[in-house]
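Trainee: Could we go through the labels in this model and check how each one is earned?
Mentor: Sure, let's set values against cut-offs.

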Amino acid sequence: MNSHPLNPNRLLNTSMKKPSITEIINNVHLSKETSIGSAHGQRGPSSPLAPSINLSSANEFSTLEALGSAHSNRFDSVRYARDTSELIIQTERYISAIHNNSHACLFQSGMAALDAALTTGAHDTRAIAVIGSAYRKSLNLIKLKASERSIEFIQASSIDHLRQCSRSLGQKILIFIETPSNPFLRLQDVGRIKSLFPEAFIIADITLQGLANDKINLETIADIVVSSCTKYAGGHNDLIAGYAVTRKLEQFQSLWEFRSMRGCILDNLSAYLLIRSLRTYDIRIDRQLSNASGVLKYLAESQKVSHTYYPGMHENANQHSLFKCVQHDGGSVVTFRLAQSVDATKTINSLLSTKMAPSFGSIDTLIEIPALMSHWGKSPEELEAIGLDNNIIRLSIGLEPLHFILSDLNLLLQE
Ligand SMILES: *Cc1c(COP(=O)(O)O)cnc(C)c1O
């Protein structure tokens, strides 16, 4: 048994090799006796290979004692489906194992997870700060939280900028970062943020990293790590989900209570799809990464591409050593600027297999012009401040044969 590659008691050595999601799921299986197919976590003499979807809104109890024990053990027992369900608990075990056995809470969407994290973190802070750029909806939600609580909102361009603006506020601030950020894929040095603001409450959105891609056990540095499973984790453009993980029991309980009160728990069908997606995660990401390296090579050789943004490389090469310390791979999203001679707003209509859609991390190659899609509604001045115009393209690379993607890029780069 000792020589077997599966070992539920082994701690993930994240700094060496990127952990495999298949390995993590199998180890959860072995250590918690949770079979993929068994709704109750016990493997019988025979059990289904796929999980069961149970749509009960409530469980019945045979005795008052059983009900009492469910009450006193409420974070782990199934009583009412707005609190939790067997399938949610099973999915959370996988997410928890992916995050070094942190407490995990699954939500209806990435935004719901962020909402819960902000509510948990902002209760006694004097300001909410965002360092670097972030998803438009996340920024809107953060501004709303700050105004509801009548606390200051700070948008800082860098860690040093935040040090200047937060001097008068002391340490009691909530810091939100997205790493890598959208759409320019810049990384945030969360370790440095923690050492400069040891008392700040830090929320890190790691959606653009995918799963198990960080080398520094981010959940031991940030107070809450959130991610949208709608992107890489789900990966098929057919579910909306998000999670929040934390090392601290008190914070987990706050996230859980928020979810129970607001009713924003993930539904069972989406949890089922998410488990199915986790089981093919490694193979999907391998293919997406190998396609991404083909695309990066193509972009680097093209005369019609003036700038390429990818974690730790090209325009982000000044973050190469940070990238090497914090992430295993750069993911399958690449942003680039087309030469002036190309009008992307015309050529983007001619693509064949690549779809124009506002998401990323999936089996389908998706393209967008951020100025016209994910940052839609911003004024020309705001767009210029972020560095966006109609020739900045964000491409999320899928599983198609590489030559499909490169042929579409040829069409896009036509003058
Ligand atoms: C998509 C996304 C979200 C929101 O996730 P949903 O699941 O769509 O609610 C939050 N942060 C980032 C970085 C995202 O890309």
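Mentor: Start with accessibility: buried means under 20% relative accessible area, exposed over 50%, and partly exposed in between (1.4 Å probe, protein chains only). Keep in mind that this is a predicted model, where local features need pLDDT of at least 70 and side-chain atom pairs count only at pLDDT 80 or more, while totals for chains, interfaces and linings use all residues. Residues are numbered from 1 along each chain as its sequence is written, and side-chain values use heavy atoms, with hydrogens and water left out.

Trainee: Then why does Arg276 count as partly exposed?
Mentor: Its relative accessibility is 32%, so Arg276 falls in between the two cut-offs and counts as partly exposed.

Trainee: What makes Arg276 and Asp238 a salt bridge?
Mentor: The term asks for a side-chain nitrogen of Lys or Arg within 4 Å of a carboxyl oxygen of Asp or Glu. The closest N and O atoms of Arg276 and Asp238 are 3.5 Å apart, so the pair qualifies. Arg276 sits in helix H9 (residues 268-279) and Asp238 in the loop between strands S6 (224-228) and S7 (242-246), 38 residues apart. Helices (H or I, at least four residues) and strands (E, at least two) are DSSP runs, numbered from the N terminus. Asp238, at 37%, is partly exposed too.

Trainee: How many salt bridges does the structure hold?
Mentor: There are 14. One of them joins Asp329 and Lys18, at 2.6 Å from N to O. That pair links distant parts of the chain, 311 residues apart.

Trainee: Why is Asp329 called buried, and what about Lys18?
Mentor: Asp329 has 12% relative accessibility, which is under 20%, so it counts as buried. Lys18 has 23%, so it counts as partly exposed.

Trainee: What makes H4 and H8 oblique to each other?
Mentor: Angles under 35 degrees count as roughly parallel, over 145 as roughly antiparallel, 65 to 115 as roughly perpendicular, and the rest as oblique. The axes of H4 (residues 110-121) and H8 come within 9 Å and cross at roughly 125 degrees. These axes are lines fitted to C-alpha atoms over the stretch in contact, with angles running from 0 to 180 degrees between N-to-C directions. Roughly 125 degrees fits none of the named ranges, so H4 and H8 are oblique.

Trainee: Which residues of H8 make the contact?
Mentor: Gln251, Ser254, Leu255, Phe258 and Arg262, where contact means heavy atoms within 4.5 Å.
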